[in-house]
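Got the structure open on your screen? Here's a quick briefing to help you find your way around.

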Amino acid sequence: MDEAWHNAAMQDESGLIWETRCLGKDYYLLKILAPKISHEAQPGNFVMIRVSPSFDPLLRRPFGILQSQPPYIWLYFQVNGRGTELLKARQSGDRLDILGPLGNSFPALPGKKILLIAGGRGIVPLFSYAKTYAEKQPLILLYGGRSATDLNLLEEISAIPLHKNYIFSEDGSCGEKGLLTSGLEKIINAQRPHITMACGPEAMLAALAGILKSRNMENYVSLEAIMGCGFGVCHSCVVTAADGRYRKVCDEGPVFPMQDIAWPS
Ligand SMILES: Cc1cc2nc3c(=O)[nH]c(=O)nc-3n(C[C@H](O)[C@H](O)[C@H](O)COP(=O)(O)OP(=O)(O)OC[C@H]3O[C@@H](n4cnc5c(N)ncnc54)[C@H](O)[C@@H]3O)c2cc1C
Ligand code: FES
């Protein structure tokens, strides 16, 4: 993988929670004053957060950077277990121990027409990409979730100058009814993007890989994995690559060319 993608500017920063917002059931937005990390962050990078002021839980949790506007970064997270329950209880004025920015980023590909494909909270790195590049090149967003309650950032997305925006929900409560993969072929045929970039649940990414493999396109995915350290030491985040070897999501990813991953068939 291109070494230029990697971000070597990791900082351990005490961020200050500036604002918290509950975006409906189970989803939260945090605006954090984190000058050092905000200056270094690239679309696709993530941070490791100590979710409570104590060492319980011991391990930090990984979160993508939704937006970076120095001196602030924004996180958007879904409550998923104990760590995210503790994080949602943190208040503005609290200090948050943050390690980052970590991992590589989605590549900058000037002039290319790119289809961004986001499932649920997988919107995070693609929102960041869209904020960074939408004024410079045609970006199309395909954003899907189970229902309207999983598609919380529509107002913020409408402020980004996207070339085109497609919304899908499985129950039909927002946008077109169905899985976002059901609309993919039609959107590709209509828009003719050169490249796709995707983030979302593993099953969605595997389905995308199946659909896109017969297309002559460049495709990238951002993966989630259970992480211990976030910077290449503990090996808890490995995935199997197409060549049968293991790849660490934290420091070789989280962004990979789609064909480099061994997808379940
Ligand atoms: C690079 C990266 C970026 C991420 N960005 C975001 C983000 O922007 N917003 C967001 O809401 N979440 C994001 N996640 C997922 C987030 O890290 C997990 O939801 C969180 O760590 C769960 O912690 P918990 O203590 O609440 O849950 P736990 O109690 O640790 O786990 C609850 C359940 O979630 C599963 N789980 C835990 N961690 C992960 C994980 N990393 N991936 C998939 N399943 C997991 C566990 O197996 C368990 O079933 C990201 C993960 C990675 C690796
Ligand atoms: S999380 Fe420790 S090596 Fe990747």
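What follows is a short tour by topic, from the whole chain down to single residues. Keep in mind that this is a predicted model. The domain assignment splits the chain into domain 1 (3–102) and domain 2 (114–222). There's also an open sheet of seven strands to trace, and 20 residues surround ligand 1.

**The two domains**

- Start with the big picture: the C-alpha centres of domain 1 and domain 2 are 23 Å apart.
- Where the two touch, domain 1 puts in 13 residues and domain 2 puts in 12 residues.
- On the domain 1 side of that contact, β6 gives the most, with three residues.
- Sorted by class, that side of domain 1 has seven nonpolar residues, five polar ones and one charged.

**The seven-stranded sheet**

- Reading across the open sheet, the strand order is β4-β3-β7-β1-β2-β6-β5, and the pairing is antiparallel.
- Which strands stand at the edges? They are β4 and β5 (67–69), and each has a single partner strand, so one side of each has no neighbour in the sheet.
- From one strand to the next, the twist averages 35 degrees.

**How the strands pair up**

- Strand β7 (residues 95–102) is a good one to follow, as four bridges join it to β3 (residues 46–50), running antiparallel.
- To spot this pairing on screen, look for phenylalanine 46, which sits opposite leucine 102 in β7.
- Strand β7 also pairs with β1 (residues 11–22), again in the antiparallel sense, and this time over six bridges.
- Here the residues to look for are glutamine 11 and, opposite it in β7, glycine 100.
- Is β7 largely enclosed or left open? Six of its eight residues are buried, so β7 is largely enclosed by the rest of the structure.
- Further along, β3 pairs with β4 over four bridges, also in the antiparallel sense.
- In that pairing, isoleucine 49 has arginine 61 in β4 as its bridge partner.

**Around ligand 1**

- Of the 20 residues that surround ligand 1, the closest are Gly64, Phe77, Gly81, Gly83 and Thr84.
- Three elements each supply at least two residues of this shell: β4 (61–64), β6 (72–78) and α2 (82–88).
- Which element gives the largest share of the shell? That's β4, with four residues.
- In β4, Arg61 and Phe63 point one way while Pro62 and Gly64 point the other way, and all of these are buried.
- By class, the shell around ligand 1 comes out as 10 nonpolar, six polar and four charged residues.

**Helix α3 against the sheet**

- Helix α3 (residues 123–133) lies across β4, β5 and β6, and runs at about 40 degrees to β5.
- Why do we call α3 largely enclosed? Nine of its 11 residues are buried, so the rest of the structure largely encloses it.
- Among the buried residues of α3 are Ile123, Val124, Leu126, Phe127 and Tyr133.

**Two phenylalanines to look up**

- Phenylalanine 168 is found in strand β10 (residues 164–169).
- This residue is buried: the cut-off is 20 or more other C-beta atoms within 10 Å, and phenylalanine 168 has 22 of them.
- Not counting neighbours within four places in sequence, phenylalanine 168 is in contact with Gly144, Gly175, Glu176, Gly178, Leu179, Leu180 and Gly183.
- Phenylalanine 168 and glutamate 156 are 12 residues apart in sequence, and their C-alpha atoms are 17 Å apart in space.
- Now hop over to phenylalanine 55, which lies in the loop between β3 and β4.
- Is phenylalanine 55 buried or exposed? With 8 C-beta neighbours inside 10 Å, phenylalanine 55 counts as exposed, as the cut-off for that is 12 or fewer.
- Phenylalanine 55 and arginine 90 are 35 residues apart along the chain, with 15 Å between their C-alpha atoms.

Definitions and conventions
Residues numbered from 1 in each chain as written. Chains lettered and ligands numbered in written order. Predicted model: local features only at pLDDT ≥ 70, side-chain atom pairs only at ≥ 80, totals over all residues. Near = placed C-beta within 6 Å. Nonpolar A, V, L, I, M, F, W, Y, C, P; charged D, E, K, R; others polar. Pairing = 2+ DSSP bridges. Axes fitted to C-alpha atoms, helices over the stretch in contact; angles between N-to-C directions. Contact = placed C-beta atoms within 7 Å. Domains from an automatic or database assignment.
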